[in-house]
Amino acid sequence: MIRVITPDLTDEATGAAIDAALEKLDAAAPAQEISPPRRRKLRELVSPQANGDQDSW
Amino acid sequence: LVDLPRELLDVRDQHPWPSVAAGARQRLKRRAPELSDYVDEMPETVFGLGSGFFYLPAAQGRAWGLGNDWLPEFLILLALGHAHFAAQDLQIDSGRCPPALTLLSDVALLEYLSALRDRTPTSSFTQYTDLHDLYYRWYVRALDVELRHRTRLHPYRSEEVLLLGLKAAPGNTALHIVADASNHAQAAGELVLGVMQLCAGLQVIDDLNDLARDFEDRNFTMPLTATLRAMRAELGSLDQIDPEDLSLAAVSSRVADACLEVAQHCFELSGSSAARAEAFVLRDLADVWHRRAAERRQEIVAALGAASLA
């Protein structure tokens, strides 16, 4: 496949920092024992509402 | 939430979104009167969002000295381009673009390209349409990354995360128009770079917020892929997963925190590029998003600490 030339989107140091953050994902595993009220709170932290309405973007 | 930069809010207040969308509808109806009823029925979101991000090019142009009289037609240009890509993205993401919007999509693109030609300096007749072609290829490059991740659950590399910011590349032509009109053509390259880096970070945050919907569409974004891998899910057994469980898994596995950290790095890159371009509206917007991500990470850490005691 022919690849279009795209710009360098990162510098070396930041690219390494992003790679390090992505590597944490390989070891990730959900916590097993969380009470129902806490579950609700944690769910709310990742939701379409978590960053406000569309106008706040 | 940390407030958007004042310059963005000012432009938004002076050019309210409904009036921009109305201008875009008028242009579409003039080009294809047969579709007038459909144009009137389209929701405003087809033409863009009343968001600070949508007003970024205009606000940066004004900070670079463009007058208010220049902005209404420019915002309508953005709305026309948005209408085309809103339809295309809807089809790509969900495979369910309504028939009327599919018809309008090409009309919007034709009107948008005409508007680009109208703004092209007479000395270089195809300058902006050539740029549109280039940036469309950047967009395709980003979509190529996304589509390849739909066939197999595999981790994203940093290069791919940043390339996904190019999904917003069709908007780059408008940044050149702003830079040229305000005599900042030399800053256009860094401005474009900074906006693409900002969009990479925003893409990560948007995808983190849309875990359930992307799961239903089987659109394996970076946050969704990481969450599913943390849950030890496999492509063959996805039907056993309750979409409601994804957000809990993302937070409790610390996938959400790592995603926000990645987004913060993208915003740092964007801020640096913006500073080099002396594009201070963009720099301030990148800073706002960096602080918003930091706040959210603190909330997650605090909630996890409380959860561990539950």
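A cavity here is a set of grid points where a 1.4 Å probe fits but cannot get out. In this predicted model, one such space of 30 Å³ or more turns up, and the largest cavity holds about 30 Å³.

The walls of that largest cavity can be named residue by residue. Lining it are B:Val161, B:Leu164, B:Gln203, B:Val204, B:Asp207, B:Thr221, B:Met222 and B:Pro223. Two elements of chain B, helix 10 (188–209) and helix 12 (222–230), each give two or more residues to this lining. Helix 10 of chain B has the largest share, with three residues. Sorted by character, the lining comes out as five nonpolar residues, two polar and one charged.

Then there is the place where the two chains meet. On one side, 43 residues of chain A are in contact, and on the other, 63 residues of chain B. Between them, chain A and chain B bury about 4500 Å², and carbon and sulfur atoms account for 66% of that area.

Polar links show up across this interface too. Seven residue pairs, with both partners at pLDDT 80 or more, are in polar contact between chain A and chain B. As for where chain A's side of the interface comes from, helix 1 (12–26) and helix 2 (36–44) of chain A each supply at least two of the residues that touch chain B. Helix 1 of chain A puts in the largest share, ten residues. The residues on chain A's side split into 22 nonpolar, ten polar and eleven charged.

Charged pairs come next. Side chains of opposite charge can pair when their charged atoms come close. Over all chains, the count is 24 salt bridges. One pair that crosses between chains runs from A:Arg43, in helix 2 of chain A, to B:Asp245, in helix 13 (residues 244–252) of chain B. The side chains of A:Arg43 and B:Asp245 meet with 3.4 Å from N to O, which puts the pair inside the 4 Å cut-off and therefore makes it a salt bridge. Between chain A and chain B, the count is three salt bridges.

Definitions and conventions. Residues numbered from 1 in each chain as written. Chains lettered and ligands numbered in written order. Predicted model: local features only at pLDDT ≥ 70, side-chain atom pairs only at ≥ 80, totals over all residues. Heavy atoms only, no water. Contact = heavy atoms within 4.5 Å. Buried area = accessible area lost by both parts, 1.4 Å probe. Polar contact = N/O pair within 3.5 Å; in protein donor to acceptor, adjacent residues only side chain to side chain. Helix = DSSP H or I, 4+ residues; strand = E, 2+ residues; numbered from the N terminus. Nonpolar A, V, L, I, M, F, W, Y, C, P; charged D, E, K, R; others polar. 1 Å grid on protein atoms, 1.4 Å probe; cavity = no way out; pocket = protein on both sides within 12 Å on 5 of 7 lines; lining within 4 Å. Points joined across faces, edges and corners; volume = space filled by probe spheres on them.
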